[in-house]
Amino acid sequence: MKFTFVTLFSNLIEPYFYDSILKRAVEANFISYEFYNPRDFTKNKHLKVDAQMVGGGAGMLMTPQPLFDCLDEVKKKNPDAYIIFPLAAAKPFRQNDAKRLAKKQNIVFVSGRYEGIDERVIEKYANEVFSIGEFILTGGELPSLVMADAISRNVEGVLGNADSLTMESYENNLLEAPSFTKPEKFENLSVIKEFLKGNHSKIADLKNNLAICKTKYFRPGLVTKKKTK
């Protein structure tokens, strides 16, 4: 799996791959990444990549020409490129999307800046658009990283124990049940006793019931979705 990040600020993204699971995944060649800067493709003599919005409005938009030329180059070098735009006005990114996209060979994230990207760029190049939440960020770099991280974890070999994926939140439309470590008691707070008895069947049932309770409390919509399937 290769991630291609189209961004004006690669330094906001690259350090995330320097540590922990993603670092090991890069070293083991399970994932790789590269960067393209739209400013390298602009034909503006001042190297501008933004302009005022037609029809008025506050702020500036990233203009079509640098991104058209940049993405044409990306597609030329990566024929299987699957291009994603993080946008506030888009469908929510879900765990099922992360699992599905982990089967792609090359995912391209196009990070907007300023007030966003000229819509014509999105219309021409987007395979999908996603939002990571109902809030506004300064740019698309953080959403791109969030999605890249979620997708990477579902790439075969990235996690040392693939079983880790089966017990996580959003599997089967449930949040993950509470988890504990030793010691059994810490500052008068105890581990659930059933977890200590070694009956894995009962523990599994209890964890499922706790997951349902937690989901009903924090994300009742997921429980409703589960029942309608």
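**Figure 1. Residues of the UniProt "binding site".** The UniProt record, an unreviewed entry, lists Gly112, Ile132, Gly133, Glu134, Phe135, Ile136 and Leu137 under "binding site". From this set, Gly112, Ile132, Gly133, Phe135, Ile136 and Leu137 help line the second largest pocket. Such annotations may be inferred rather than shown by experiment; feature names are shortened, and positions follow the numbering used here. A pocket is found on a 1 Å grid over the protein atoms alone: it is an open set of points where a 1.4 Å probe fits, with protein on both sides within 12 Å along at least five of seven lines, and lining residues have an atom within 4 Å of a point. This is a predicted model: local features need pLDDT of at least 70, side-chain atom pairs count only at pLDDT 80 or more, and totals for chains, interfaces and linings use all residues. Residues are numbered from 1 along each chain as its sequence is written, and side-chain values use heavy atoms, without hydrogens or water.

**Figure 2. Ile132 and Glu134 in their loop.** Ile132 sits in the loop between β7 (128-131) and α5. Glu134 is in the loop between β7 and α5. Helices (H or I, at least four residues) and strands (E, at least two) are DSSP runs, numbered from the N terminus. Ile132 counts as partly exposed because its relative accessibility is 30%. Glu134 reaches 88%, so it counts as exposed. Buried means under 20% relative accessible area, exposed over 50%, and partly exposed in between (1.4 Å probe, protein chains only). Beyond its neighbours within four places in sequence, Ile132 contacts Leu137, Pro143, Val146 and Met147. Contact means heavy atoms within 4.5 Å.

**Figure 3. A cis peptide bond before Pro183.** The bond from Lys182 to Pro183 is cis, with omega near 10 degrees. Pro183 lies in the loop between α5 and β8 (185-186).

**Figure 4. Tyr114 and its positive phi.** Tyr114 is not a glycine, yet its phi is positive, near 60 degrees. The residue lies in the loop between β6 (106-110) and α4 (119-125). Its relative accessible area is 37%, so Tyr114 is partly exposed.

**Figure 5. Glu187 and its positive phi.** Glu187 is not a glycine either, and its phi is positive, about 50 degrees. This residue is in the loop between β8 and β9 (189-190). Glu187 counts as exposed because its relative accessibility is 64%.
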